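This report is a short guide for a reader who has not met the structure before. It takes the ligand, the pocket and two points of the backbone in turn.

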Amino acid sequence: MVPIQMVDLKRQYTKIKSQVDAAIGEVLDSSAFINGGAVQKFAGELQSYLGVKHVIPCANGTDALQIAMMALGLEPGDEVITPSFTFIATAEVIALLQLKPVFVDVDPQTYCADVAAIEKAITPKTKAIVPVHLYGHVADMEPLMALAAKHNLYVIEDNAQAIGADYTYSDGTKKKAGAIGHIGCTSFFPSKNLGCYGDGGAIFTNDDELAAKIRMVANHGQSARYYHDVVGCNSRLDSVQAAVLRIKLPLLDDYISARRAVADAYDAAFAGIPQITTPHRAPYSYHVFHQYTLQLNGADRNELQKYLAEKEVPAMIYYPVPAHRQKMFEHFGGAAFDLPVTDNLTTKVISLPIHTEMDPDQLEHIIQSVKSFLNNPPT
Ligand SMILES: *Cc1c(COP(=O)(O)O)cnc(C)c1O
């Protein structure tokens, strides 16, 4: 059996090596390392894939979130509502810009921000909501957008984990995750569902005016060459990364299907096991399984992680400490936020390997290892 990894980027690369090497070779030959043709072409291709008017590439997903918030012209002290159950970047950039993160609890089934909790957290200072499509499950965007419209708030989707996912509205129409809010942000970190071979990110919007601001902020606040209107930053996707992404974007739907096949196999194997809650799939969300995350009840997930390691099965805890309990947010009274669902989940979740290259024998070994742990719990 091939050694199991959380994500097998090496074997994925092996399958596309000749195209990737040729595309990187072209960039090297052109020596247009920054703002080369591949960057604009990739942006256009991603626009068509997502059905969104503007894609502005940038250096990483954290920058994407930061630039989005800078482009909205938020003022220090403005409140931004976000779930605490997320990767730290979502909340970190809010604080970095001297905005106030207001943490809300998540839905116990979808693990995405609970719309009723968001509504309760709105104050006259609230300016924006940042839903996170955690693990590849799309947050419930239709009621969330309606709530935002009612209170005149911006919505920035953190789509780092759900690129390619569809959201279905109550009337049956579909939109891609990240193309629903005023701005969508994603990351092309290598292990993301659409990953490059270094750092990368992008910002999406359908709003021409916002797109112009985003482009300006991402490029030193420049309106015309060497004329700088606002304080911005320098955040670019380089041409080598864009060339890699141009090879991988047409494969994204196949990659998603491969992930979903692994998730289906896990779901079937773990169905009816009382200690395991398998990932929920709300009818409005086409889950793209960036992670396959179990909730363990009445079994110790740290013991399971240790046991699996002995069987050479990696497993990860995303995330052991929620944002509101991180030291960096102590001065916001972080721990004072009452988020029982989040606190409960952070003690119970464990993510199993899921990727595009999983072999049936690997899958079987993982499943049998989890089952044998539960059948012979440590005493
Ligand atoms: C990965 C990730 C980010 C940050 O992306 P980087 O490219 O690593 O900066 C932000 N939010 C979420 C939810 C993520 O998973």
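Which polar side-chain atom lies 2.6 Å from an oxygen atom of the ligand? That atom belongs to Ser 187. The model described here is a predicted one.

## Contacts with the ligand

Two further polar contacts can be listed beside that of Ser 187. Lys 192 places a polar side-chain atom 2.7 Å from an oxygen atom of the ligand. In Gly 61 the backbone is involved instead: one of its polar backbone atoms is 2.8 Å from a ligand oxygen atom. On its own the ligand has 380 Å² of accessible area, and the protein covers 91% of this.

## The shell around the ligand

The shell holds 13 residues, and those that come nearest to the ligand are Gly 61, Thr 62, Asp 158, Ser 187 and Lys 192. By type, the shell residues are four nonpolar, seven polar and two charged.

The ligand sits in the largest pocket. Two elements give two or more residues to the shell around the ligand: helix H3, residues 61-71, and helix H4, residues 89-96.

## The largest pocket

The space in the largest pocket comes to about 500 Å³. Its lining is made of 29 residues; Phe 87, Gln 161, Phe 189, Lys 192 and Tyr 319 lie nearest the centre. Lys 192 therefore appears twice in this account, as one of the residues that come nearest to the ligand and as one of those nearest the centre of the pocket. Which elements supply at least two residues each to the lining? They are H3, H4 and strand E8, the last spanning residues 183-187. H3 gives the most, with three residues. Sorted by type, the lining has 13 nonpolar, twelve polar and four charged residues.

## Two points of the backbone

Tyr 319, one of the residues nearest the pocket centre, is joined to Tyr 318 by a cis peptide bond. The omega angle of this bond is about 5 degrees. Tyr 319 is found in the loop between helix H10, residues 301-310, and helix H11, residues 340-348.

Asn 35 has a phi near 55 degrees, which is a positive value in a residue other than glycine. Where is Asn 35 placed? Asn 35 is in the loop between helix H1, residues 9-30, and helix H2, residues 37-50.

Definitions and conventions:
Residues numbered from 1 in each chain as written. Predicted model: local features only at pLDDT ≥ 70, side-chain atom pairs only at ≥ 80, totals over all residues. Heavy atoms only, no water. Near = heavy atom within 4 Å. Polar contact = N/O pair within 3.5 Å; in protein donor to acceptor, adjacent residues only side chain to side chain. Areas by Shrake-Rupley, 256 points an atom, 1.4 Å probe, with all protein chains shown as cover. 1 Å grid on protein atoms, 1.4 Å probe; cavity = no way out; pocket = protein on both sides within 12 Å on 5 of 7 lines; lining within 4 Å. Sits in = over half its atoms within 2 Å of the grid points. Helix = DSSP H or I, 4+ residues; strand = E, 2+ residues; numbered from the N terminus. Nonpolar A, V, L, I, M, F, W, Y, C, P; charged D, E, K, R; others polar. Points joined across faces, edges and corners; volume = space filled by probe spheres on them.
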